[in-house]
Amino acid sequence: MSGTGTIAARVKRLDNAGEDILRVVLKPEGADRFPGWAPGAHIDLVLPIAAGDGEPVVRQYSLCSDPQDLSEYQIAVLRDPNSRGGSSWIHDQLKEGGPITIGMPRNHFPFQPGQRTLFIAGGIGITPILPMARQAEAEGRDWRMVVAVRSRQRLPLGDDLAGLPQERIHYHFDEEAGLLDLASLLAPLGSETIVYSCGPKPLLNALQERNSGAPWQFRFERFAAEPVVTGGNRPFDIICRSSGKRLHVPADKSILQVLREVGIKVESSCRDGVCGTCEVRVLSGTPEHRDSVLTPEEREEGGYMMVCVSRAVSDVLELDI
Ligand code: FES
């Protein structure tokens, strides 16, 4: 599922959903229902504060409520100690009853149940996993979940988790049990198992490493783009198909910035390579992908790129804009 455009919403309720975790319940403004969504989807929150480039700060949060109940959307926001302004504004400034602009639900982490499913949620990464587990349970699937958190106090959305069959869930608290033993957890998994995971970078990197050459399938979503190790930014040109304009992208600017400067609007949100909003079709040339949205297969095909972060290997890229 994907969507563009924004939706006017209002804050219906704010609850504490764990240490430093705020549950934000939104209701539609001027309508009865929000647009539909499926587990794994996220929305943008467009905050009334400006980022360094003068654009509003936009943050992505996974929907964690019931997709059947479109009278509200729920998200859970962890206060990030390294917040660039987004999570601290939501924790400190967002008020019940206040207006907020959100984006249409988009889904780059769709849930397609396999014969067996193992969910591995790291901390606040439980948010996209929770609706997936509810769906798996409703469909009578064979599923298990591991929720790994630093301490009991930091368990996010404990009330929601309590509504699922507890015999299927293993709660792992680092402070009590040390680091999660991934080797033992993953060793018995065969090709019939799909592992869905969302969580902090070290967890996802470790899972990705262990998945290499392993029979089980792996699907995951990152909170933030992986740093890209490259030989630096090289300049290149882009050709915009609709206008025929040829534009130079210098080493210190992104394609998105160059397009904006000449008044060509491409929708964007995170500007960090994680949300997929700025996806553009590549007509010719070879992109250098730096996003965390496209799968290795999609990168290989080279048909699309995220123009907020990705660059070019070839001297020229022709884009469908
Ligand atoms: S704006 Fe989010 S991936 Fe480009």
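This passage walks through a predicted model, from its domains to some of its individual residues.

The chain falls into three parts that are useful to keep in mind throughout: domain 1 covers residues 6-103, domain 2 covers 116-221 and domain 3 covers 236-319. A good place to start is the relation between domain 1 and domain 3, whose centres, taken over C-alpha atoms, are 28 Å apart. The two domains touch: nine residues of domain 1 are in contact with eight residues of domain 3. The size of an interface is often given as the accessible area lost when the parts come together. For domain 1 and domain 3 this buried area is about 550 Å², and carbon and sulfur atoms account for 32% of it. On the domain 1 side, the residues that lose the most area to domain 3 are Glu55, Val58 and Gln60, which together make up 53% of what that side buries.

What kinds of polar links join these two domains? Three residue pairs are in polar contact between domain 1 and domain 3, each residue being at pLDDT 80 or more, while the number of salt bridges between the two domains is zero. Two strands, E3 (42-50) and E4 (56-62), each give at least two residues to the side of domain 1 that touches domain 3. Strand E4 provides the largest share of that side, with three residues. Sorted by class, the domain 1 side holds four charged, three nonpolar and two polar residues.

Arginine 271 offers a closer look at one residue. It sits in the loop between helix H7 (255-261) and strand E14 (279-284). Its side chain reaches the backbone oxygen of proline 56 at 3.3 Å. The backbone of arginine 271 also deserves attention, since its phi is near 50°, a positive value in a residue other than glycine. By contrast with the reach to proline 56, the C-alpha atom of arginine 271 is separated by 29 Å from that of glutamate 19, a residue 252 positions away along the chain.

A second positive phi, about 65°, is found at aspartate 20, which is likewise not a glycine. Aspartate 20 belongs to the loop between strand E1 (6-16) and strand E2 (21-28). With a relative accessible area of 36%, aspartate 20 is partly exposed.

Helix H1, residues 86-93, can be described by what it hides. Its buried residues are Gly86, Ser87, Trp89, Ile90 and His91. Which elements cover them? The cover includes strands E2, E3 and E4, together with strand E5 (73-78) and strand E6 (99-103). Strands E3 and E4 thus appear here as well as on the side of domain 1 that touches domain 3.

The last theme is charge. Side chains of opposite charge can pair when their charged atoms come close. The structure contains 22 salt bridges, and a few of them are worth following in turn. One joins glutamate 29 to arginine 10, with 2.9 Å between the closest N and O atoms. Because glutamate 29 lies in the loop between E2 and E3 and arginine 10 lies in strand E1, this pair ties together parts that are 19 residues apart in sequence. Both partners are partly exposed: glutamate 29 has a relative accessible area of 37%, and arginine 10 has one of 25%.

Another salt bridge forms between the side chains of aspartate 44 and arginine 106, at 3.3 Å from N to O. This pair links distant parts of the chain, 62 residues apart, with aspartate 44 in strand E3 and arginine 106 in the loop between E6 and strand E7 (116-122). Are these two partners buried or exposed? Aspartate 44 and arginine 106 are both buried.

The setting of a further pair is the opposite one. Arginine 152 and glutamate 176 form a salt bridge whose closest N and O atoms are 2.7 Å apart. Here arginine 152 comes from the loop between strand E8 (142-149) and helix H3 (158-162), and glutamate 176 from helix H4 (residues 174-177), so to speak of distant parts of the chain, 24 residues apart. Both arginine 152 and glutamate 176 are exposed. Finally, salt bridges also occur as a network, which links Arg13, Asp15, Arg23, Arg134 and Asp160.

Terms used: Residues are numbered from 1 along each chain as its sequence is written. This is a predicted model: local features need pLDDT of at least 70, side-chain atom pairs count only at pLDDT 80 or more; totals for chains, interfaces and linings use all residues. Side-chain values use heavy atoms; hydrogens and water are left out. Domain bounds come from an automatic or database domain assignment. Contact means heavy atoms within 4.5 Å. Buried area is the accessible area (1.4 Å probe) that two parts lose on being put together, summed over both. A salt bridge is a side-chain nitrogen of Lys or Arg within 4 Å of a carboxyl oxygen of Asp or Glu. A polar contact is a pair of N or O atoms within 3.5 Å; within protein, one must be able to donate a hydrogen and the other to accept it, and residues adjacent in sequence count only if both atoms are side-chain atoms. Helices (H or I, at least four residues) and strands (E, at least two) are DSSP runs, numbered from the N terminus. Ala, Val, Leu, Ile, Met, Phe, Trp, Tyr, Cys and Pro count as nonpolar, Asp, Glu, Lys and Arg as charged, and the others, Gly among them, as polar. Buried means under 20% relative accessible area, exposed over 50%, partly exposed in between (1.4 Å probe, protein chains only).
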